[in-house]
Amino acid sequence: MKTVTVKASSTYNVNIAKGLLSATGPMIAEASMGCIAAIITDSTVKGLYLDTVSESLKAAGITPHCFSFPAGETSKNMSTLSDILEFMASVPLTRRDIVIALGGGVVGDISGFAAACYMRGIKYYQIPTTLLAAVDSSVGGKTAVDLAAGKNLAGAFIQPQAVFCDVNCFDTLSDSVFADGVAEAIKTGILFDKELFEIFESGNVKEDIEKIVSRCVMHKGRVVENDEFERGERKLLNLGHTVGHGIEKCSNYGIRHGNAVAVGTAMIARACSKLGYCEESVCKRIISTLERNGLPVRCEIPSDKLYAAMLNDKKRSGNKITAVLINGIGKCELREIETPYLLNILKAAEE
Ligand SMILES: NC(=O)c1ccc[n+]([C@@H]2O[C@H](COP(=O)([O-])OP(=O)(O)OC[C@H]3O[C@@H](n4cnc5c(N)ncnc54)[C@H](O)[C@@H]3O)[C@@H](O)[C@H]2O)c1
Ligand SMILES: [Zn+2]
């Protein structure tokens, strides 16, 4: 088992191994013996992994109660959040009990937010079942739901008690959902880690999956330790995301987050190369690596429509926005730009 420790406002372990699901009960029971666990999951993951986790909890003296909602980003909203909170109250969950998020990033984000709200905050654990949730969303304590006006506009920072990542769960992912996670891992490589990027450029991704997850978690953990509440350095993790969130919104969430981030990253790479922030060869490497991993690098949405959707992004303050620009593989910079300059970036990316 690989373990990465994150020392944020609270300290916790991210455990990564094959077959970890059936060991979650005893590991959670060490801290929470005899309590009740609300397992929050979605309609797909419920059929695949709920029984294994429930049995493991029961055997360790924890009583599980499960709530599931329809799979997909369109469930990540206030109405599902309200249903989850009412479910917790009906169990009833008390402050000594726990929440377990069993699923992808949608489950993780909404369950974490529910844990932050319920009784002003109860403990929660993350069991990521998508590659995206494993390499990114299960770590760092950002939780949220989408509002009609845009992505992740209501949420809270709350760190999990621990993360249990069973890489065997990725065996049941479709190629395109697996690729969503690859998009976030490639992003991490472009930001901090040339060697990690090169696994996606020419290596065998599935063979190196435990290494990929632990490297991504290590980088994210370090950034979160330095800047938990995203006042500076953590904004780097938004590479490709301002555009990506615009794409998700314009497509009515028909384009999934990881795919949208891939297009957003490709667009920023093209714009940075055109506007002189990086060499053309860097842009070419990024585009071909995304394509090699089954990810899209363009979308049909016109730049003025995308621009309008992007203005709702949380990274905006007044008429300024913090853009993440690419200088090279493993080297990016934060730059505060006037919002109209975003349109230049989008136009440069279109050519
Ligand atoms: N909090 C953060 O820091 C952070 C970071 C990155 C992304 N996110 C959020 O994460 C979300 C995207 O997460 P996602 O890509 O995991 O999407 P998701 O949770 O919707 O999962 C994608 C699909 O895969 C299915 N699935 C999950 N595990 C499976 C498995 N093991 N086998 C088969 N099918 C499985 C799900 O049911 C769903 O249909 C977005 O809402 C995004 O905003 C949050
Ligand atoms: Zn993301």
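## A tour from Phe-170 outward

Select Phe-170 first: leaving out residues up to four places away in sequence, Phe-170 touches Thr-129, Thr-130, Leu-131, Ala-134, Cys-165, Phe-178, Ile-209 and Val-213. The model on screen is a predicted one.

**The cores**

Keep Phe-170 selected and add Val-14, Ile-212, Val-213, Ile-286, Leu-306 and Ile-326. These are the residues that touch the most other members of the largest nonpolar core, which has 77 residues. Now colour helix H10, residues 257-274, which supplies the largest share of this core, 9 residues. A second core is separate from the one just shown and has 25 residues, including Ala-38, Ala-116, Tyr-124 and Ile-158. As background, nonpolar side chains tend to be buried together in soluble globular proteins.

**Helix H9**

Next select helix H9, residues 241-250. Is H9 mostly covered or mostly open? It is mostly covered, with 9 of its 10 residues buried. The buried ones are His-241, Thr-242, Val-243, Gly-244, His-245, Gly-246, Ile-247, Glu-248 and Cys-250.

What do the buried residues of H9 pack against? Show strand E8 (150-157), helix H6 (175-192), H10, helix H12 (303-310), E11 and H13, and the partners are on screen.

Just past the helix, pick Asn-252: this residue follows H9 and has a positive phi, near 50°.

**The largest cavity**

Stay with H9 and add strand E11 (320-328) and helix H13 (339-350). Each of these three elements supplies at least two residues to the lining of the largest cavity. E11 gives the most, with 4 residues. To find the spot, select Thr-242, Val-243, Ile-268, Ala-323 and Val-324, which lie nearest the cavity's centre among its 13 lining residues.

The volume of this cavity is about 110 Å³. Sorted by class, its lining holds 8 nonpolar residues, 5 polar ones and no charged ones. In the whole count there are 2 cavities of 30 Å³ or more. Cavities are searched for with a probe, and rolling one the size of a water molecule over the atoms shows where empty space is left.

**Cysteines**

How many disulfides does a search of the whole structure find? The search finds 0. Go to Cys-250 in H9 and draw a distance from its sulfur to that of Cys-299, the closest cysteine sulfur. The gap is 8.1 Å, so the two are too far apart for a bond; the cut-off for a disulfide is 2.5 Å. Cys-250 counts as buried because its relative accessibility is 18%, and the limit for buried is under 20%.

Then select Cys-283, which is in no disulfide either; the nearest cysteine sulfur, in Cys-278, is 6.2 Å away. Cys-283 is buried, at a relative accessible area of 8%.

**The loop after H9**

Move to Arg-256, in the loop between H9 and H10. Is Arg-256 buried or partly exposed? With a relative accessible area of 35%, Arg-256 is partly exposed. Show its contacts beyond four places in sequence: Ser-176, Val-177, Asp-180 and Glu-248. The last of these, Glu-248, is one of the buried residues of H9. Add Gly-72 as well: this residue is 184 places from Arg-256 along the chain, yet the two C-alpha atoms are separated by 8.6 Å.

**Backbone stops**

The remaining stops concern the backbone. Most residues other than glycine have a negative phi, and most peptide bonds are trans.

Select Val-91 and Pro-92. They are joined by a cis peptide bond with omega of about -10°. Pro-92 sits in the loop between helix H3 (78-90) and strand E5 (98-103).

Select Asn-152, in strand E8. Asn-152 is not a glycine but has a positive phi of about 55°. Its relative accessibility is 16%, so Asn-152 counts as buried. Bring in Ile-110, 42 residues away along the chain; its C-alpha and that of Asn-152 are separated by 9.8 Å.

The final stop is Glu-230, in the loop between helix H8 (209-226) and H9. Phi of Glu-230 is positive, near 55°, and Glu-230 is buried, with a relative accessible area of 17%.

Terms used: Residues numbered from 1 in each chain as written. Chains lettered and ligands numbered in written order. Predicted model: local features only at pLDDT ≥ 70, side-chain atom pairs only at ≥ 80, totals over all residues. Heavy atoms only, no water. 1 Å grid on protein atoms, 1.4 Å probe; cavity = no way out; pocket = protein on both sides within 12 Å on 5 of 7 lines; lining within 4 Å. Points joined across faces, edges and corners; volume = space filled by probe spheres on them. Nonpolar A, V, L, I, M, F, W, Y, C, P; charged D, E, K, R; others polar. Buried < 20%, exposed > 50% of the residue type's maximum accessible area, 1.4 Å probe, protein only. Core = buried A, V, L, I, M, F, W, Y, C linked by side-chain atoms within 4.5 Å. Contact = heavy atoms within 4.5 Å.
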